[in-house]
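Trainee: I'd like a close look at one kind of side-chain pairing here. Pick the examples you like and walk me through them.

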Amino acid sequence: QEFSARSTCLGCHDFCGVELALVYAFAFGSVIIAMAVSCCWPSLLNMVEWTLAVFFELVDCCLLFFWIPLECWRKLREAGWRLATESRPLRRKTLVIVGANFGGLAALEEVSHNPLLHVVVIDQREYFEYTPGVLRLFCDPSLFGALAGTSPTGSHEFLLGTVTKISSSSVVVSTGSGRSTVVDFDYLILATGADYRQPITPVAAEATLSARAITWNEEAAKVKRAGSVLVLGGGAVGAELAAEIKCHYPAKRVTIVDALPHLVPQFPPQTIQHVERWFRDHGVELLLGEQLDRWDEKGCTCKDGRVIAADLVYVCFGLRCNSQALSGSELASALGPRKDVVVNKYLQVEGHEHIFAVGDVMSHPSGELKQAYYAEVNGMTAGRNVVRHLQGLPLYTYPDDVAGSPIMPLVYVVSLGRYNGSLGFNSLVINGPFAALVKWFIEWTKVRQMRRRPVGKVVWAIGDAVTFFLSRTLLKPLAKSSD
């Protein structure tokens, strides 16, 4: 019995030793695998992105076989409608769209084929730019060609110039030659956006793709030369810019200063925690809860007297709505405290049912975030409402008739360099490399949609429908706080 008991204890001891060895081996193996996966993420993501790009380029080619005949048929039918319309005494209505980026292009897509409308698009540049992706150009300007393209052509009229004055019936356009042109309208859609400061927002002198490319090359050279970078503002723009610089240049000293206690405070806690952890893990200095006293191109001074010097300073706060052209006109009364254009539930400027405003320049009762996704949905709704107003039909309310809910879905991706980020859809948050892959896919397909490629149109027609469906059923928006 003693031998048996000793044997049993010995067996237990041996078993515990083997089990402990397996645990250590598993833990060590997990660490090795995690390190390997971490090191391989860039290569793995690049491979997945390349594979998806090739696949969807092939899909685009296949769609062209069906798209080209449909486009030809549509143009013939449109020409027939126009001939029939011109033979009648009924005058075509003029719709002016000021601004040709997200909101303006979305509105144009809804109205450009309507034979009862003469559409005039006005913009101070001859190209569009995928604004959510341009922060990467501070470090890699070679990507500019993949993020921009010439403004789409079609049956509409395009005017290159800056709108200097807007009244209830006309706009004044200043061209590059210094001459001014008055354009009368029956309907107006304001999609002028907001100024995120140069170079994020192009100036009037950057009217061509070549001029804009020069700017990005110069900015990238500044970043490359700088030993230290100071980012003032910890919102989405400031955080993404700092992450791009730190990702491309790990040795640079990067500092973020913000008056609020957390970065990207407009997003859920899971995103905030992931973003702040990423910066701390990468050695970025976070000075949060710091009130600024003054700043210049050499650094900043905080309210407590602390001075922070840097070779390069980026101011990523103080968004300014591009509504200057409304000042001094009868539309000035529609401007809010931030000089934003206040609209009603139909996206109309109050008191002017033929004028609509969309995107960053406007303020809507829903108080939604200012992002490209919402600007596009705004533009789509405004375009449809112009047509419905023209036809004497009830207008769509925003966002109820569009999203099927009084709250638009919260959709965002915060980029943390090339291979990390935080993806959010209402209450769902996914952090890590998958968010970066989604950001790339959104960017790749959205640029093609703006270029009017079939694959971009199809992907986003499906994507928008699925987004609204999920937001109405499985992943409903979180109720806003009453605070």
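Trainee: How many salt bridges does the structure hold?

Mentor: There are 19 salt bridges in the structure, each one a side-chain nitrogen of Lys or Arg within 4 Å of a carboxyl oxygen of Asp or Glu. Bear in mind that this is a predicted model, where local features need pLDDT of at least 70, side-chain atom pairs count only at pLDDT 80 or more, and totals for chains, interfaces and linings use all residues. Numbering runs from 1 along each chain as its sequence is written, and side-chain values use heavy atoms, without hydrogens or water.

A bit of background before the pairs. The chain has 10 helices and 25 strands (DSSP runs numbered from the N terminus: H or I of at least four residues for helices, E of at least two for strands). Of its 483 residues, 47% count as buried (under 20% relative accessible area, with exposed over 50% and partly exposed in between, 1.4 Å probe, protein chains only).

Let's start with arginine 136 and glutamate 443, whose side chains meet in a salt bridge at 4.0 Å, N to O. Arginine 136 sits in the loop between β3 (127-129) and α3 (144-147), while glutamate 443 belongs to helix α9 (residues 433-450), so this pair ties together parts that are 307 residues apart in sequence. Arginine 136 and glutamate 443 are both buried.

Now look at a pair inside one helix. Lysine 222 and glutamate 219 form a salt bridge at 3.3 Å, N to O. Both residues lie in helix α4 (residues 209-225), 3 residues apart, which is about one turn of the helix. Where arginine 136 and glutamate 443 are both buried, here the burial is split: glutamate 219 is buried, because its relative accessible area is 8%, but lysine 222 is partly exposed, because its value is 36%.

You'll find a split like that again at aspartate 340 and arginine 338, a salt bridge whose closest N and O atoms are 3.5 Å apart. Aspartate 340 is the buried partner, with a relative accessible area of 5%; arginine 338 has 41% and so counts as partly exposed. Salt bridges don't have to stay in separate pairs, either: Glu109, Arg452 and Lys457 are joined into one network by salt bridges that share partners.

For contrast, try two spots on the outside. Tryptophan 50 is in helix α1 (residues 2-86) and counts as exposed because its relative accessibility is 59%. Glycine 283 is in the loop between α6 (269-281) and β13 (285-288), and its 51% relative accessibility is why glycine 283 counts as exposed too. The C-alpha atoms of glycine 283 and proline 250 are separated by 8.5 Å, with the two residues 33 apart along the chain.

So, back to your question: the count is 19. If you only follow one of them, try arginine 136 with glutamate 443: it runs from a loop to helix α9, which means parts 307 residues apart in sequence are tied together. Then set it beside lysine 222 and glutamate 219, both in helix α4.
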